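Hello,

Here is the structure I promised to pass on to you. Please open it first and have a look around, and then read my notes below.

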Amino acid sequence: MSDQNNPFAGLIGSHEAKATSDVGFPSGPLQSTPKDNSESESIITINNIVENVFHFTININAVDESSDKQLVYLEELAQAMNPRFRIDLEALEQALFERLLLQDIEQNIIPKATRSYKEHVIQKLVFPYLFSSMQNLQSYDYVNDEVVVNGIKKMKELIFRNAVTALKQPALFEGQDFSSQLIELLQHVDPQSHTFFMDLVKAFMAEGDAESQNQLRDTMIPVLRNIHTDVNKSNLINLPIYILPSIDIFASSPYLAPILMEACEPKNKTLGRHYQDSIIGALLGLSVLPRTSTAPHEFFDNPTDQSAISMVETSVWNASSHLINNLHKIFLTLLKGGPQIKDRLLTWIGLCLKSNAARGKLWSVQAGDISAASLQCVSDGFMLNLGAVLLQLCQPFCKTANDPKSLKIDPTYGAVPPEECAAKSVHLDCLHNETCLLPARETEDGQTVKRPTAETYNFVTECFYMTQKCIDLGVRVCAEKLYRCGQDLGRAQRALADVAASAHHLLEPMRQRTQHLMTRFVSLRCALLENEMLTNLHRLQATTCTWLVQVAIRESCEGLSCYAPGNLMPVTMPITTPPPDTLRCIPEFVLENIVVLITMARRTVGAITEEADLAGLLQPALTLVLAFMGDSARTYNPHLRARLAECLEAMLPNHPDEQQPLSNIASFYREQLFKEHPHRLQLVPCLLDVFVGIEMTGQSVQFEQKFNYRRPMYLVMEFLWGMQEHRDAFTHLANEAEANMEAVHPPLFLRFVNLLMNDAIFLLDEALGNMAQIRTMQTAQESGAWANLPAQEREQNISNLSHIGMLARFDNILGRDTIRTLVRLTAHAPTVFCHPTLVERVASMLNYFLLHLVGPNKKNFKVKDMKEFQFDPASTVLDICRMYVELGNNERFCAAVSDDGRSYSPQLFTLAEAVLVRIGGGGLITSLQEVASRVSTIAAQRRRDEEILANAPEEFLDPIMSTLMLDPVILPSSRTTVDRTTIARHLLSDQSDPFNRSPLSMDQVKSDTELKQRIHAWIAEQKGKIRQTTDSHS
């Protein structure tokens, strides 16, 4: 190596004239140098280091004209120090300060012949120059010479002293933007620059006084503001690499962390959107989803190209994972930064969730992209990212489904009133008004009883509840948006297909809308399916399932300092202990979040993996469903219990209608779950209980919502019916119902069957009505009648046809499922269906629909593309005929069929036989003929009886059915007399007096013995008159 490039050449003893020009690394060990006559060896050493590190001198002859070495000649200092021409440590302080203030640096470069200047030599900016000097000093780190070591230490002190002076007295350095220079320093993204930055902060705060902290704040707030600006200019993929490490530097410094938290404080703490307008908020807002509801989507420009989608998804997931991991590191560093910083961060998260609570409201989700909530709250991407960070913070206590650390979570956290939150270390003070699994107790005079709360709450509890609330506002909302977007996309694609064949003027706008919906759908799906987030979410919810069940099986206790479960107790089903008051403290969204995850995983392509199943979620989730779904004492809200049934359906293995089938391993694992789960035999009674519970709450439930709840239940029942032990459970409930048909409270199975028939009648009637409307509209469209209409009216007709088609499809699917369930049950428990309470409704239902489907008006339901509307009349006819055959051996059923004056006629079964021949039901014809014969015989007898009883007195007639009462009873509240069968049937669906809505059960009705005797006496009298007439004629 040449002497010219050796920085230690001056330490080896070269000639004085060359001492400052021969620079290079020594080829051997350092040699001792003879002392100069006028100056000591140490001064020469220090001077040479100064020239090599700071590139300035007071020696005008320090550089030969032929040398490529460049130095800044400090002329004023040289004159002041004349005749000395070397810089020692004492002079260095003044020399460095003068160099930093020097303006016309190029004019002072030696040798004068230099035309091309080295960057460090002529650097005018304070911090790049000082940092570069610090880097040059590192060349001497391994030199053990005492003079060098002491000199290097002094030089580092001077560098930081001047850096601090520049920050504290910026007016001395005109035209210099120190915040930009510090940003440039951070942009180096190497350990040296970050170490320099942190050492600078320590030097700045060496005195540790409040004034220094304020000065540091004034210095660093502009730095954070510049970083914030860079974040806002970026997206998830092209975020500058320096930003996340820089924020981590702020978080890890005890002096900078408070400044970082201050910079994140929103202008208005009650306005959710402002939490995104900060440096950490802006980072959380980086997502595949738009930052605002009005911003366009930045990714998936071509949502129809699957290969392009896959490439973008991979890039987005990698970038998202990198972002979340770094933000988690930042949050964790802040949480470990001392009690004050921890408190400020938790307060920030708590206020952020509280001020964005409007995101989770039903009206907000239904409003679409742009609504009051979307304009005033943080973005979807922000809330998903915050949730992903919090999920990582949860991982230490949810490594397994029964992680003992999770049993430290106190269920009463959500019951703490706002005025007690600070004293109890509660930072999320918005849960007090949340709807909980059970309502608060009330005193006799209607006053709410205060719910139990602990003395204080640990971090595990707080982290758990914050994460669950964030999931509620993030994952749940986005999953719902994804589902709705998928529905909108399906409708848009069908509408586009309808007009694609014609040169319709709406074609291009509809195509653009479809494209937009596809982009939105793919973006939402991508945001929800980041693998690490999903895995962490599965782990947390598996733990949550176990924790909720552990809370639910405990008995109520009062006055405890902590209500956390603490230890794992064995679970016995059904749970017989009274529900604990702690369930009155747990918000419903904790349970709802589990349902959202499992249902989203099943309905979204790519959301479910074998790893997720094997991570242990399904086993504890099934235990949770069995504990809460069928028990209104532990889950008051029937809608939430119905959602648990939907969750159960999502846990099934593959079924025939599956659009996106599971892998064979996943499907097998799920099937084993229903065969091996220790509490699996509770499935059937739980299902029937929640099925009935939807209707029996006294709450208003819309038809469509009710049927949406029941559809997954039908699928679960169909699956369970295929397993003998679950089929036996149905049989057990049916036998129990047969033995207790007259019980005060109707048996569960009887109420279930009654509601099934209600549903079947409503759905099939609606479906047939819609199919008739579709036929009429299609006929008009094909005839050209629509072509002559005004454009607006024609478009309205097309829209109406699409809407009615959607309704018909809905009714046909649910009607089919309901009828199939009835077919199974009639074959398994025919006696129940033939009980006086039900038999008339069963018979009239079968007659009514068979007449419509095989009678002279059946052509009214023939439409184009019946499969599109899921209309399959042939299978419905087969199912109805199977029920006739199963019930036809019962005389009461045959009598009820014959008594149906609306739909029955002797020709009904003849028409059915003709249709059965055509649709492949020939095997049923012989059995159906036998039923027809029995019905015909009984019908003749019933006609004779009707003639006898035709003129019954008004007081003998049932006021609801207008039929002759055989067992009249008096209702206690309205004092109305009705037939026992009539009121028993009514109470299956509605346990209230039909005349004044007062609560009513069968044990409250009283037999009207006197009226009953008079009715039967009148009947006997009428029959006697007929016999006398017959005898006289004979």
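Let's begin with two helices, α27 and α29, which are oblique to each other. Please keep in mind that this is a predicted model. Helix α27 covers residues 683-693 and helix α29 covers residues 724-739; they pack at an angle of about 55 degrees, and their axes are 8 Å apart. That angle is neither under 35 degrees nor in the range from 65 to 115, so it counts as oblique.

Which residues meet where these helices pack? From α27 come Leu-683, Val-684, Pro-685 and Leu-688, and from α29 come His-726, Ala-729, Phe-730 and Leu-733. Sorted by class, this contact has 7 nonpolar residues, 1 polar residue and no charged ones.

Next, the salt bridges. How many turn up in a search of the whole structure? The search finds 36. Here are some to look up.

Glu-480 pairs with Arg-484 in a salt bridge, with 2.9 Å between the closest N and O atoms. Both residues belong to helix α19 (residues 475-500) and sit 4 residues apart, about one turn of the helix. Glu-480 has a relative accessible area of 26%, so it is partly exposed. Arg-484 is also partly exposed, at 28%.

Glu-646 and Arg-643 form another salt bridge, where the closest N and O atoms are 2.8 Å apart. This pair lies in helix α25 (residues 638-650), with the partners 3 residues apart, about one turn of the helix. Are these two buried or exposed? Glu-646 has a relative accessible area of 15%, so it is buried, and Arg-643 is buried too, with 17%. The cut-off to remember is that buried means under 20%.

Then try Arg-1014 and Glu-955, a salt bridge whose closest N and O atoms are 2.8 Å apart. This one links distant parts of the chain, as its partners are 59 residues apart: Arg-1014 is in helix α39 (residues 1009-1033), while Glu-955 is in the loop between α37 (925-948) and β4 (968-970). Arg-1014 is partly exposed, with a relative accessible area of 32%, and Glu-955 is partly exposed as well, with 45%.

Finally, which residues are joined into one network by salt bridges that share partners? They are Glu-434, Lys-469, Asp-472 and Arg-476.

Enjoy exploring, and do write back if anything is unclear.

Best wishes

How values were computed:
Residues numbered from 1 in each chain as written. Predicted model: local features only at pLDDT ≥ 70, side-chain atom pairs only at ≥ 80, totals over all residues. Heavy atoms only, no water. Axes fitted to C-alpha atoms, helices over the stretch in contact; angles between N-to-C directions. Parallel < 35°, antiparallel > 145°, perpendicular 65-115°, else oblique. Contact = heavy atoms within 4.5 Å. Nonpolar A, V, L, I, M, F, W, Y, C, P; charged D, E, K, R; others polar. Salt bridge = Lys/Arg side-chain N within 4 Å of Asp/Glu carboxyl O. Buried < 20%, exposed > 50% of the residue type's maximum accessible area, 1.4 Å probe, protein only.
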